[in-house]
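Colleague: I'd like a close look at the pockets of this one, and then at what is packed inside the fold. Take your time with the details.

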Amino acid sequence: MISLRERRRIEMAREIQLSTLELIKRDGFDSVTTEAISRHLGISQRTFFNYYANKEAALMGETPTIPKEAIEVFLTGSDSFYVSLYKLMLANTLSLTARRNELLIVHELMDSYPKLSQIRLAGMTTLRDELSSVLTQKLPTYSSLVLVILSDMLLSSAWSGIEL
């Protein structure tokens, strides 16, 4: 269970992302500044920079992670590997689905702003590495390359589900 402080941090990060998206949709990407985002939210720029390094990072939002509870169930549950993996990926996809609209807007903007693609790739790499690490704990005898490839395939499938 997350603490109240952590929950507030997550909520503020999300508010910053949603405001960034709102301003970019209204004013255009190039017109939006971190100062405008901060002013729109009624926070200081220092507060903004406590959450995100720049407007691109704010637009992307926090790097997604696999829900900790789902990882715990995957690693310790008594279901077969395939059922456990299905449950893990379902939990991951559902957690991303909550951000579906924002993810789709960002995906559209990536065509016009290549820097966003670099940020998204870094986030996806982090998520892939997290999943690969979890799979390694469950399947310690498998090649790390195989588990990285499996992780990429699973996350690509999850993204396809979100795009639908």
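Modeller: I'll go through the pockets, then the cores, then two helices.

This is a predicted model, so local features need pLDDT of at least 70 and side-chain atom pairs count only at pLDDT 80 or more, while totals for chains, interfaces and linings use all residues. Residues are numbered from 1 along each chain as its sequence is written, and side-chain values use heavy atoms, with hydrogens and water left out.

Let's start with the largest pocket (on a 1 Å grid over the protein atoms alone, an open set of points where a 1.4 Å probe fits, with protein on both sides within 12 Å along at least five of seven lines). Its volume is about 720 Å³, counted as the space filled by probe spheres set on grid points joined across faces, edges and corners. The lining takes in 22 residues, and I10, E62, P64, T65 and S95 lie nearest the centre; to count as lining, a residue must have an atom within 4 Å of a point. Two or more lining residues come from each of α1 (4-27), α5 (68-76) and α6 (81-97), where helices are DSSP runs of H or I with at least four residues, numbered from the N terminus. α1 has the largest share, six residues. By type, ten of the lining residues are nonpolar, five polar and seven charged (Ala, Val, Leu, Ile, Met, Phe, Trp, Tyr, Cys and Pro are nonpolar; Asp, Glu, Lys and Arg are charged; the others, Gly among them, are polar).

The second largest pocket comes in at about 290 Å³. It has 20 lining residues, with M60, P64, L103, R120 and M124 closest to its centre. Here α4 (55-60), α7 (100-110), α8 (114-138) and α9 (144-163) each supply two or more, and α8 gives the most, six residues. This lining splits into 13 nonpolar, four polar and three charged. P64 turns up near the centre of the largest pocket and also among those closest to the centre of the second.

Now for the packing. The largest nonpolar core has 20 residues, and I16, F48, Y52, L59 and L116 make the most contacts inside it. A core here is a set of buried Ala, Val, Leu, Ile, Met, Phe, Trp, Tyr and Cys residues joined through side-chain atoms within 4.5 Å. α1, α4 and α7 each give two or more residues to this core, with six from α1, the largest share. Take L59: leaving out residues up to four places away in sequence, it touches Q17, T20, L21, I24, F29, V106, L109 and L116 (contact means heavy atoms within 4.5 Å). A second, separate core of 16 residues includes I66, L88, L127 and L131.

α7 is worth a closer look. Its buried residues are E102, L103, V106, L109 and M110, and they line one face of the helix, because seen down the axis they fall within an arc of 125°, taken from the directions from the helix axis to the C-beta atoms. N101 and E108, on the other side of α7, are exposed. Buried is under 20% relative accessible area, exposed over 50%, and partly exposed in between (1.4 Å probe, protein chains only). E102 counts as buried because its relative accessible area is 8%, and beyond four places in sequence it touches R14, Q17, L18 and L21.

Over in α8 sits S132, buried because its relative accessibility is 7%. Apart from neighbours within four places in sequence, S132 is in contact with S144, L147, V148 and S151.
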